Amino acid sequence: MYKMATTTVERKRPPPVKILSGQLRTAESRGTADIGDGCVIKLGRGRLLLVSLVWMQGTVLEVQLDRNTVLLMDETGTFAVQGVNNIPKGKPCLSQGKYVMVMGVIQAVSPEPVIRAVKMADLSELAAHHRQMWKLEVEDLQQVLA
């Protein structure tokens with residue numbers, strides 16, 4: 001069996017954590033956003049979760065291509081996504097009203113969460129289903145991880 005080589009960066013960064021913008025807004029930063037130190041999320045009952053790479057979903061409220069940014073809203077609030085012009089196949093996601101998923105690195109948590117996009121996908125075709133299931137998916141994964 002073949003063993004894939006991994007770089008130091010790949011080993012250090014855990015897989016993305018599904019999260020709501022409201023959880024990021026109340027998180028505690030662990031260092032400089034530039035180096036992706038991430039933040040600590042309080043899950044209740046004294047449980048904490050270290051997060052640097054996130055998976056978020058929301059509706060596109062505003063597109064600012066000149067600023068390389070979109071503003072999204074999930075059921076707990078708004079969050080900004082930077083670097084959207086650099087995402088392969090990301091252009092179809094950049095329309096107001098689309099329901100999208102974003103994977104990215106946390107840049108800021110307060111006053112409004114900001115993530116730098118690594119991947120985006122349009123989930124609008126089944127948006128009602130995705131919206132309904134999203135909070136349950138977030139809660140389920142966080143229970144497993146914490």
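Here are a few exercises on this predicted model, each with a worked solution.

**Exercise 1. Where should you be careful with the model?**
Work out how confident the prediction is over the chain, and which stretch has pLDDT under 50.

*Solution.* Start with the overall picture: the average pLDDT of the chain is 83, and 84% of the residues score at least 70. Next, look for the weak spot. Over residues 4-10, pLDDT stays under 50. In the model, that stretch has two contacts beyond four places in sequence.

**Exercise 2. Sketch the layout of the chain.**
How many helices and strands are there, and in what pattern do they follow one another?

*Solution.* Count the elements to get three helices and nine strands. Then read along the sequence, which gives α-β-α-β-β-β-β-β-β-β-β-α. For the contacts, take those between residues at least 6 apart in sequence: 57% of them join residues at least 24 apart. Finish with burial and surface: 40% of the 146 residues count as buried, while the chain exposes about 8800 Å², with carbon and sulfur atoms supplying 55% of that area.

**Exercise 3. Put the three-stranded open sheet in order.**
What is the strand order, and which strands sit at the edges?

*Solution.* The order is 2-3-4, and the pairing is antiparallel. Strand 2 (28-29) and strand 4 (47-51) each pair on one side only, which makes them the edge strands. Now zoom in on one pair: strand 2 and strand 3 (residues 39-44) are joined by two bridges. If you want a residue to click on, try Glu-28, whose bridge partner in strand 3 is Val-40.

**Exercise 4. Is Thr-59 buried or exposed?**
Decide, and then list what surrounds the residue.

*Solution.* First place Thr-59: it lies in strand 5 (residues 53-64). Its relative accessibility is 17%, and the cut-off for buried is under 20%, so Thr-59 counts as buried. Then set aside neighbours within four places in sequence. What remains in contact with Thr-59 is Leu-71, Leu-72, Met-73, Gly-97, Lys-98, Tyr-99 and Arg-131.

**Exercise 5. Describe helix 3.**
What are its span and its bend, and which elements do its buried residues pack against?

*Solution.* Helix 3 (residues 127-145) has 19 residues and reaches 26 Å from first C-alpha to last, close to the expected 27 Å. Along the way, helix 3 bends by about 40 degrees at Met-133. Its buried residues are Ala-127, Trp-134, Val-138 and Gln-142. Those residues pack against strand 1 (17-18), helix 2 (21-25), strand 3, strand 4, strand 5 and strand 8 (99-108).

Conventions
Residues are numbered from 1 along each chain as its sequence is written. This is a predicted model: local features need pLDDT of at least 70, side-chain atom pairs count only at pLDDT 80 or more; totals for chains, interfaces and linings use all residues. Side-chain values use heavy atoms; hydrogens and water are left out. pLDDT is the predictor's confidence in each residue, from 0 to 100. Contact means heavy atoms within 4.5 Å. Helices (H or I, at least four residues) and strands (E, at least two) are DSSP runs, numbered from the N terminus. Buried means under 20% relative accessible area, exposed over 50%, partly exposed in between (1.4 Å probe, protein chains only). Two strands pair if DSSP finds at least two bridges between them. Accessible areas come from the Shrake-Rupley method with a 1.4 Å probe; for residues, only the protein chains shown count as cover. The expected span of a helix is 1.5 Å times one less than its number of residues. The bend at a residue is the angle between axes fitted to the seven residues ending there and the seven starting there.
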